[in-house]
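Here is a small set of exercises to work through with the model open beside you. Try each task before reading its solution.

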Amino acid sequence: MRSVFLLLALAGCKSEPTEDAFDPYDVEIGPYSVDVRWTSYGIPHIDAEDYGSAGYGMGYAFARDNACILADQVIKVRSERSKWFGPGEGDANLDSDFGWLHLGVIRQAEQGFRTLDQDLQDAIIGYAAGYNAYVAEVGVDALSPECAGAEWFPTVNHIDLLAYYLHMGQFASGYVFVDVIGNAEPPSGARRAPPPIERLEQLRDPKLGSNGWAIGRDKSADGRGMLLSNTHFPSQGERRWHESHLRIGDELDVYGVSLMGVPVINMGFNQHVAWTHTVSFAPRFTVYQLELVEDDPTTYLYDGEEEAMIASLYRIEVKGDDGEITEVDRTLYSSRFGPIVNMPVVGWTPLNAFSYRDVNHNNLGIGQTWRAMNAATDLESFKAANRDYQGIPWVHTLYADDEGNAWYADASVVPNLSPEAFAAREAYADRSPFVNLFGDYGVWVFEGADPVNAWIEDERAVRPGAIPFDDGPQLLRSDFVSNANENHWLSNPYEPLTGFSPLYGDTGLRRTPRTKMNNRYLMEEGEGSAAGADGKFSLDELATAALSVRGSVAEDLRAQVVTRCTGAGTVRVDGQDVDLGEACGVLAAWDNTSRSESVGAALWREFLLGGVFDSEELGTRGTLYGDGFDVNDPIYTPSTLADAPTSGEDPILQALGRAVLLLGEAGVAIDAPLGEVQVQVRGGNEYPVPGGQYAEGVISVATYDGRDANSTLYPVVTHDDSINEWTGLGPGGYVVSGGNSWVMAMGFGDDGPEARAVMVYSQASDANSPHVADQSTLYSEGRMRPIAYREADVAADTQEQRSLSYP
């Protein structure tokens, strides 16, 4: 065995500063002075004279609504779950703790905090202090039941928060791999079995989405920019939004939403600019298949030379069944690229190991980028925020301003690889089955021994090894840009974007039904179109479009399906005779929308997704579509129903019959209004939810996400006994925990920004809060509320006011 370097890290232990280094925990807290006014629906408006005081107000206001969830996440990034809750089922807590230790988020936060701009340092310190102040004021016993009285409840500090941001930056990388990093070990008889290939499904389908529109002067009624933000984040877990309004003297006046623990606005607007984000599926990491030296599984080949892995020894405190604490050690390994992973299907063998390099590893630019975006005054300063800090981790950006600009960019950080590397990968696929196997899940595998596959270090890039900001996809228009989670190609169909790194995704391929629907809203003109007869959006028209719940697949095919099923009589499905008469009549009367009152929406969903058509057939010529995708008409193809077969069963009628059976098994009447069978659970009560699923081509999405995008240890609303796993149909209908989250329509009016919004799951997760479900009622009725941004509106709607100070 060749020598390796040994390091020791202890969970929950602060790093000791060297003699000439600052102690990262030794910071000045306060003084703070901030006024917080809460308007209707529990929205805090925070007025301060400095970033530290503003952070204090934000942390205090956030803790009133969501203290328990952030506390759970701090324990996670501290690698202390095993200490407080034991090793977990299948050692899940142990694997998580060791994984986050090996990813080093606490260590990186300790080393990197002092490198942040002073304003952001102050805001983070203040946020932690404000959060702790609220908890101290009410007492842990008075918090939401999930954590009330918990002995493990932490006192949060600025290092915890920065570590949490670093972890958040890895939602599309280390977050997914953390357990298989934490349990990766060299091959032996007792090693942990690798997980199945389905483990990578989170990368292909991360249960996160969004739609964003930026409308320019040519498509807005007043010639100024407008923005639609329609995010699809879970209602359960750590990815909830929190809405607030932040003023710092004459320097900042910004409104929007933030992910938990963040002391700046992630999406929103100020006096001059507005922006939103949608999840980008460009990869954040590249995987390297390492060729191991014979009889030495911790040494690999690189450029013809043997190279020893780095071994790191970690120690975790673990609570036993008897409540006693013991210590558990694990040695985890890294290559020159990054951590070794217990890769799905293959694991770590005597011949090969798998490692990856992550462009979001230690991404300290995340908060700095958004802080600078908050303060931007025009397009150039907004671009500079992205260029100077390059911290956007995994989202597209849609931007509009008061000058009428509409701008799109995939400014997220993406690995910078040469054309030679991509060519070498194609050749390597002939020798490694994992290139294509993992590639089907969006994982790019390269040969670790070949230096041609190393990332390009471009001095223009702030993030090491990333594509420079100016080389990524961008588009400036005066009519519109949009995105629905696909790549840059059709950000505006009138000006397709091409010619970028393959990692941004292929162009010229069929688009999802949701991308098609987004663009139809923006491209249609004349009476009945979303923008009205003049083709220019008013704020009323934009808000109406945001919640209109049209479905592109239904608009294309429903009438053709009705023609097919009319007079069809009975079909035999799964050994049962099904009369299609009533179902056909329901579809004939349906208006192609998924509003709460819509009759036929559930029947249509089960028709499409009942299992007769596979995922490919939902977008290509086959048993559902009779035409194929036309690259010259990408927004309206395919759109023709497939002909009935000359012999045998008709798949269209089979699908409708299957839908009738599925709904019957669930106890759902085929003519039930959608809101009676599709609900979210808030505060123990059910609230109707409008919206459809991604395959239906709606922009208002309603899905069940369960644990897929939720790493908390808290209970989740469950939807057991699924009858159709594809749609989530269960007894009584559908339980919603994902899809639309924060929806906002805004424009720059004569007197400044005007906006409307709704938080689908409401502002608070705390079961004790009066704001745990108040906006959920609004949303079920298809309504938005006005945003109070101007001082007169804030003053008129103030429901509560506090002047906070520290010490």
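**Exercise 1. A cysteine and its surroundings**

Is cysteine 584 buried or exposed?

*Solution.* Before starting, note that this is a predicted model, in which local features need pLDDT of at least 70 and side-chain atom pairs count only at pLDDT 80 or more, while totals for chains, interfaces and linings use all residues. Residues are numbered from 1 along each chain as its sequence is written, and side-chain values use heavy atoms, with hydrogens and water left out.

Step 1: recall the cut-offs: buried means under 20% relative accessible area, exposed over 50%, and partly exposed in between (1.4 Å probe, protein chains only). Step 2: cysteine 584 has a relative accessibility of 6%, so it counts as buried. Step 3: look at its partner, cysteine 565, which is also buried, at 2%.

**Exercise 2. The disulfides**

Find how many disulfides the structure holds, and describe each.

*Solution.* Step 1: a disulfide is taken as a pair of cysteine sulfur atoms within 2.5 Å, and the structure holds 2 of them.

Step 2: cysteine 565 is joined to cysteine 584, with an S to S distance of 1.9 Å. The torsion about this S-S bond is about 80°, so the disulfide is right-handed. Cysteine 565 belongs to helix α15 (residues 552-565) and cysteine 584 to helix α16 (residues 581-589), so the bond ties together parts 19 residues apart in sequence. Helices (H or I, at least four residues) and strands (E, at least two) are DSSP runs, numbered from the N terminus.

Step 3: the other pair is cysteine 68 and cysteine 147, whose sulfur atoms are 1.9 Å apart. This link is left-handed, with -70° about the S-S bond. It connects distant parts of the chain: cysteine 68 is in helix α1 and cysteine 147 in the loop between α5 (118-138) and α6 (158-168), 79 residues apart. Cysteine 68 is buried at 4% relative accessibility, and cysteine 147 is buried at 1%.

Step 4: counting bonded cysteines along the chain, the pattern reads 1-2, 3-4.

**Exercise 3. A salt bridge and a glutamine**

Which side chain meets glutamate 238 in a salt bridge?

*Solution.* Step 1: a salt bridge is a side-chain nitrogen of Lys or Arg within 4 Å of a carboxyl oxygen of Asp or Glu. A search of the whole structure finds 46 of them.

Step 2: the partner of glutamate 238 is lysine 76, at 3.9 Å from N to O. The two come from distant parts of the chain, 162 residues apart: glutamate 238 sits in the loop between β5 (226-232) and β6 (241-248), and lysine 76 in helix α1 (residues 51-77).

Step 3: check accessibility. Glutamate 238 is buried at 1%, and lysine 76 is buried at 2%.

Step 4: stay in helix α1 and find glutamine 73, which is buried with a relative accessible area of 0%. Leaving out residues up to four places away in sequence, glutamine 73 touches several residues, including Glu238, Tyr164 and His167; contact here means heavy atoms within 4.5 Å.

**Exercise 4. Two packed helices**

At what angle do helix α17 and helix α18 pack?

*Solution.* Step 1: two packed helices are described by the angle between their axes and the distance between the axes. Axes are lines fitted to C-alpha atoms, for helices over the stretch in contact, and angles run from 0 to 180 degrees between N-to-C directions.

Step 2: α17 (residues 601-609) and α18 (residues 651-666) pack at about 120°, with their axes 8 Å apart.

Step 3: angles under 35 degrees count as roughly parallel, over 145 as roughly antiparallel, 65 to 115 as roughly perpendicular and the rest as oblique. α17 and α18 are therefore oblique to each other.

Step 4: for the contact, look among others at Leu603 and Phe607 of α17, and at Leu656 and Leu663 of α18.

**Exercise 5. Unusual backbone geometry**

Which peptide bond leading to proline 638 is cis?

*Solution.* Step 1: most residues other than glycine have a negative phi, and most peptide bonds are trans.

Step 2: the bond from threonine 637 to proline 638 is cis, with omega near -10°, and proline 638 lies in the loop between α17 and α18.

Step 3: for phi, turn to serine 210 in strand β4 (residues 209-215). Its phi is near 155°, a positive value in a residue other than glycine.
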